Amino acid sequence: MQGNFDTIKLLTELFCCLLAGGLFIFIFSPSRDADSGVEKTRLLYLYERKDVVYENLRDLNFEHKAGKVTEPDCEAMRNNLEAEDARVLAEVEKLASVQA
């Protein structure tokens, strides 16, 4: 009877070790589809950056209307965002004209 219990205990421990090892390999192995993403060009990056700036401007307007941002702070942040947007759009125009 004791021999059967020891065998079951040994098989259970072996199964747990195999399961833990398999989970470790599954979790920490690199993904096979990691390189399948679209390679970003500078132009794609700039379009994404433009969208982020516009979203930040919308958020800033909302925060200002909600009373969370004071008028001077809002004006300063708006000026910074608009300046960044102007730089992004100028570079987009420059790159688009070069590609055309």
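Leaving aside neighbours within four places in sequence, Val 69 is in contact with Leu 60, Glu 63, His 64, Cys 74 and Met 77, where contact means heavy atoms within 4.5 Å. This is a predicted model, with local features needing pLDDT of at least 70 and side-chain atom pairs counting only at pLDDT 80 or more, while totals for chains, interfaces and linings use all residues. Residues are numbered from 1 along each chain as its sequence is written, and side-chain values use heavy atoms, with hydrogens and water left out.

Val 69 also belongs to the largest nonpolar core, together with Val 53, Leu 57, Leu 60, Cys 74 and Leu 81. Such a core is a set of buried Ala, Val, Leu, Ile, Met, Phe, Trp, Tyr and Cys residues joined through side-chain atoms within 4.5 Å; buried means under 20% relative accessible area, exposed over 50%, partly exposed in between (1.4 Å probe, protein chains only). The helices, which are DSSP runs of H or I with at least four residues, numbered from the N terminus, contribute as follows: H2 and H3 each supply at least two core residues, and H2 gives the largest share, three residues.

Now to helix H1, with these residues:

| Residue | Helix | Exposure |
|---|---|---|
| Phe 24 | H1 (residues 2-28) | exposed |
| Phe 28 | H1 (residues 2-28) | exposed |
| Ile 25 | H1 | exposed, 59% relative accessibility |

Phe 24 and Phe 28 form a tilted aromatic pair, 4.9 Å centre to centre with 50° between the planes. Rings of Phe, Tyr and Trp (its six-membered ring) pair if their centres lie within 6.5 Å; planes under 30 degrees apart count as stacked, over 60 as edge-to-face and the rest as tilted.
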